Amino acid sequence: MNVFLVYWHNEPKSFNGAMFDTAQTALKSAGHEVRVSDLCAMRFDATSDRSNFVTVKDASFLKQQQEEMYAAEHNGFAPEIEAEIQKIEWCNLMIWQFPLWWFGLPGVMKGWVDRVFAMSRTYGGSRIYEKGFFRGKRAMLSLTTGGPEQSYQKGGFNGDMNGILRPIHRGILQFVGFDVLAPQIYYSPARQTDETRKAWLDAYAARLKRIEAESPIEVGEY
Ligand code: FAD
């Protein structure tokens, strides 16, 4: 299987960094091909503007989706955007590794989505959801939190984690055609013992070694 890991954390020695390293090792040892985008190391620019393109459809007014459609027809994506789109096209499984920030993706990772998930290459016309460009591919979120697990249950002070992740699961991944696997969530790693964190990394590696056999989840409406 071809696996594309997209990762952002501003500290390589973080627990997210350890999960990213663990994933690469586990997947390769299970015989999978792995490509990565370490967005912090790449200093990926989160600003979506004309730098997304080498072509120009309308120089007087920037309308991103119109420029994306034009770029898709004229091989007009900037090399750093084209490279990311090609990694998505290449993979069978895409994993996003990140710390939950403000109930969502950290800004750089959201900016990566804003720039890379371009109209006419990743969605467009009737090619969304079940007819999406990426039908047959699977995606998984792998994330950590500061808040404890019980705060992310229904009725907990943060509310149901499934509802918090829905905009990513439904609004991004399923929108472009991916099937979604159950998210890998480690709550409050900073409040655990070193032994617990090491056991979590082992459990994550064990899951990844068998991940090819997993079935997608239903994403509820909330
Ligand atoms: P770290 O603090 O880097 O790691 C925890 C511990 O693991 C450290 O002691 C580290 O040394 C250790 N570790 C690293 N590698 C290993 C290893 N190989 N083996 C064992 N231990 C290891 N939280 C929420 O719940 N909801 C929010 O909405 C939210 N919004 C935020 C917004 C911002 C702007 C910020 C800065 C934080 C926010 N947080 C939020 C908190 C954030 O989600 C957590 O701090 C983060 O997810 C914890 O993961 P980490 O990788 O940063 O942990």
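About 10800 Å² of the protein chain is exposed in this predicted model, and carbon and sulfur atoms supply 50% of that surface. Turning from the surface to burial, 49% of the 222 residues count as buried. As for charge, there are 25 positive and 26 negative side chains, and the centres of these two sets sit just 1 Å apart.

On overall shape, the C-alpha trace spans about 55 × 40 × 30 Å along its principal axes. The radius of gyration comes out at 18 Å, which agrees with the value near 17 Å that a compact globule of 222 residues would have. The contacts add to this picture: counting pairs at least 6 apart in sequence, 74% of contacts join residues at least 24 apart.

The fold itself is built from 6 helices and 6 strands. Read from the N terminus, the elements run β-α-β-α-α-β-α-β-α-β-β-α.

One spot worth a look is Gly177, in the loop between helix 5 (161–174) and strand 5 (179–180). With a relative accessible area of 0%, Gly177 falls under the 20% cut-off and therefore counts as buried. Its neighbours from elsewhere in the sequence are easy to list: leaving out residues up to four places away, Gly177 touches Tyr129, Gly132, Phe134, Arg135, Gly136 and Lys137. Take Gly136 from that set: this residue is 41 residues from Gly177 along the chain, yet the two C-alpha atoms are separated by 7.6 Å.

Methods. Residues numbered from 1 in each chain as written. Predicted model: local features only at pLDDT ≥ 70, side-chain atom pairs only at ≥ 80, totals over all residues. Heavy atoms only, no water. Helix = DSSP H or I, 4+ residues; strand = E, 2+ residues; numbered from the N terminus. Rg over C-alpha atoms; globule rule 2.2 N^0.38 Å. Buried < 20%, exposed > 50% of the residue type's maximum accessible area, 1.4 Å probe, protein only. Contact = heavy atoms within 4.5 Å. Areas by Shrake-Rupley, 256 points an atom, 1.4 Å probe, with all protein chains shown as cover. Lys, Arg positive; Asp, Glu negative; His and termini not counted. Charge placed at Lys NZ, Arg CZ, Asp CG, Glu CD.
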